[in-house]
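Got your viewer open? Here's a tour that tells you what to select next and what you'll find there.

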Amino acid sequence: ASLRELYKQVSALKGVELEKVHIWDYFNDRRQSALADSNQTLEESNLQMDQSILLDVQVDGFIPSGFGMDSTGNELALVPMEPQRSSRTIAGGPSLSNGYSADYGSSLYQGSALSSISTDMEDAHDSVRTAPGGDRGLAGLQNLGNTCFMNSALQCLVHTPPLVEYFLQDYTDEINKQNPLGMHGELAVAFGELLRKLWSSGRTSVPPRAFKGKLARFAPQFSGYNQHDSQELLAFLLDGLHEDLNRVKQKPYFETKDSDGRPDEEVANEFWSYHKARNDSIVVDVCQGQYKSTLVCPVCDKISITFDPFMYLSLPLPSTATRSMTVTVFYGDGSSLPMPFTVNVSKHGYSKDLFQALATACCLGSDEILVLAEVYEHHIYRYLENGDSLHTIKDDECIVAYRLSKKQAEFPKLEICHRYLENLKPGERKRFLTPLVTYLEGAKNGADIELAVNRVLVPLKRKVFSSLNRSDGPKVNGSASEASEESTSDCTELGNPSKDKDFEDEELSFRLCLTDDRGMSCRPILKNSVIKSSKIVKVMLDWTDKEHELYDASYLKDLPMVHKPGVTVKKTKQESISLFSCLDAFLKEEPLGPDDMWYCPGCKEHRQATKKLDLWRLPDIIVFHLKRFSYSRFLKNKLDTFVNFPIHNLDLSKYVKNKDASGGSSVYELYAISNHYGGLGGGHYSAYAKLVEEDRWYHFDDAHVTPVSEGDIRTAAAYLLFYQRVKTNSVPTNGPVGESSKVHEEF
């Protein structure tokens, strides 16, 4: 709504004439700024949910002298703001600069001594006070309604020493208003003003209304009063500050070259020089590093090496917790009977982890592979890819693995589902049993399909039936062995395709029909039926009394679930891992997911390449994002794993591949933490930050700031870790030397 609408509603509510009304922003029960009767929106005026406004009413055509001050000559009315809670919020927007007319209030803050490069009027009463020396940097941030995520990230940034030094000085010359990727310098100015207030307000809390307004204007996803992710805000803010303060006014164009076997140092310096020629700001100076990315094509072995900048590192949390999973392995070539295997895998692992565990359990050969699939209602619901999270597999589902040689896996697959004739409903067929998968080598017609089906059913053939069943007991003179030989002979003969010459040219020995992906259409297959070339051919096998007599279908029944319900798992103590194991998991080689395929310049096709990351150039300030939140098609999850991280002497030298780096030390000190407590989609954020000059830690919980001991800052709530490089000529004053390596050894 506009301020004009606000004026009309308030006037009607109080029963006064519109012309006699003036409204003030009365945030925190103090006059902030006059609100003009204009089309400016409440959002643009930085009015917050449930705040107060002040109503000045003209009495008998006389405007009291001193209007614009806390005069008792006016009839004052406090009107709480209670807007409709709709998708359109009143939060955010640009800070008010000329939101009121020059007729009144224009000289309200003429006495303000605060040197400012913005026209932000809020909290001017607090801003003019100089904080006592011992209280600098101890101001909290008021919660404006679920803004703890913003407050937490901001406190970490405003306690980053290089940024404090930069924004407390005059940085106006570096503001880039022409950058189309930036926000015309407004975000940098809003952040700089907020930082100055926080460092000059003593212990008085500051409401970040103007900053929230800019944020909502340039990043609407953060507007309103919903909880958000402090890491997402940090990423936007660092990028926005960089673009607003980018010293490069005209970005040159560069066409990156492939490494082509050149030395890594040469390629890395080339990429970095290209990056710096287009991106040069305080954020790049202190927060950006460089990593090496190596992609290898699984088909042609093409290697692609690039060197990319990073502003923070998002580290996965490798889990030591495991889950038991039962998977039935079927032989695609029909060489053996199906066999269930129960394996233990990481609770937060991927399909590739399940594949590796199964490969060990079933003694998979180096020339063999397993095709993993989920079976639902007697058909294959989906095939599992290496990058699929095991979170998507529930305990009551059924997972199978089809064992094939690597050569066989290159051929088209034949997917066989089973049906039987429903006795109660004549003519209706129902699916049953477990689907089978085999390979088709050069299949052209129905006869080739028949051979493949016959091959995969071989292990199910009944070895002894009719003759033994007719026997009343052991026969003398070796009759039992004769019966066995007879039955084996009968079985072999019955198991072969029909010898009847009348049907040999047309009908198959099995009732097979070709079906589509949904299993809706069904076209009978004859020997001379032409089979179109396809990666997967799907057929339906109709079981008759003949098939039941020849084959033992019990091996395909009652597929075991992934995990049998009712089995209680003994609770263990809280899981704990080290920051180094998170780094190892981040940097290890792994295949790309199916949704993140790489276009191979050698094959000219998208491939599921393997990717390996290595740290190459370290920044002065390094931020670690612990990936506690995971999302999938089926569920959302938060990991409350305790991560043991060094406070002093974090040594990253073994992770840096550039041994000739002249960027300085690889040892870091922790100075800030963004914490998240509670569950996904809600919870609460706070921050721990260290005043470097005092060498003391404080807990910043919105407006509340309290001292905290260094021993209490390691918690399972740690979400963002902020480290500063230790200068090579300085010796850390706290923490035992080698703490980093001791923590590494302990875990």
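Before the first stop, one definition: two strands count as paired if DSSP finds at least two bridges between them. Keep in mind, too, that this is a predicted model.

**Stop 1: an open sheet**

Select β6, β5, β22 and β19. In that order, these four strands make an open sheet with antiparallel pairing. Now look at the edges, where you'll find β6 (303-310) and β19 (590-591). Each of these has a single partner strand, so one side of each is left without a neighbour in the sheet. What holds paired strands together? Strands of a sheet pair through backbone hydrogen bonds, either parallel or antiparallel.

Zoom in on β5 (residues 289-296) next to β6: eight bridges link this antiparallel pair. For one of these spots, click on valine 296, whose bridge partner in β6 is isoleucine 303. Then add helix α8 (residues 264-278), which packs on the sheet and touches β5, β6 and β22 (610-617). The direction of α8 makes about 45° with that of β6.

**Stop 2: a strand with two partners**

Go to β8, residues 322-331. Is this strand mostly covered or mostly open? Mostly covered: seven of its 10 residues are buried. Next, show strand β9 (residues 339-346), which pairs with β8 in the antiparallel sense over eight bridges. Label threonine 328 and you'll see proline 340 of β9 standing opposite.

Now bring in strand β12 (residues 398-405). This strand and β8 run parallel, joined by five bridges. Pick valine 327 here; its bridge partner in β12 is isoleucine 399. While you have strands on screen, try following the side chains along one. In a regular strand the side chains alternate between the two faces of the sheet.

**Stop 3: a pair of helices**

Time for helices. Select α5 (residues 186-198) and α6 (residues 209-218), whose axes are 9 Å apart and which pack at an angle of about 160°. That angle is over 145 degrees, so the two helices are roughly antiparallel to each other. Their crossing is left-handed.

Which residues meet here? Show the side chains of Glu186, Leu187, Ala190, Phe191 and Leu194 in α5, which meet Phe211, Lys214, Arg217 and Phe218 in α6. Colour this contact by class and you get six nonpolar, no polar and three charged residues.

**Stop 4: another helix on α5**

Keep α5 on and add helix α3 (residues 148-158). These two pack at an angle of about 75°, and their axes are 11 Å apart. That makes α3 roughly perpendicular to α5. From α3, Leu154, Leu157 and Val158 meet Phe191, Leu194, Leu195 and Leu198 of α5. By class, this contact has seven nonpolar residues, with no polar and no charged ones.

**Stop 5: two single residues**

First, hop to arginine 136, in the loop between α2 (124-127) and α3. With 35% relative accessibility, arginine 136 counts as partly exposed. Draw a distance line from its C-alpha atom to that of tryptophan 199: they're 5.2 Å apart, though the two residues are 63 residues apart along the chain.

Last pick: serine 2, in the segment before α1 (3-14). Is serine 2 buried or exposed? The cut-off for buried is under 20% relative accessible area, and serine 2 has 10%, so it's buried. To see what it touches, leave aside neighbours within four places in sequence and show Ser38, Asn39, Gln40, Thr41 and Leu42, which are in contact with serine 2.

Notes:
Residues are numbered from 1 along each chain as its sequence is written. This is a predicted model: local features need pLDDT of at least 70, side-chain atom pairs count only at pLDDT 80 or more; totals for chains, interfaces and linings use all residues. Side-chain values use heavy atoms; hydrogens and water are left out. Buried means under 20% relative accessible area, exposed over 50%, partly exposed in between (1.4 Å probe, protein chains only). Contact means heavy atoms within 4.5 Å. Axes are lines fitted to C-alpha atoms, for helices over the stretch in contact, and angles run from 0 to 180 degrees between N-to-C directions. Angles under 35 degrees count as roughly parallel, over 145 as roughly antiparallel, 65 to 115 as roughly perpendicular and the rest as oblique. A crossing is left-handed if the near helix is turned anticlockwise from the far one by less than a right angle, and right-handed if clockwise. Ala, Val, Leu, Ile, Met, Phe, Trp, Tyr, Cys and Pro count as nonpolar, Asp, Glu, Lys and Arg as charged, and the others, Gly among them, as polar.
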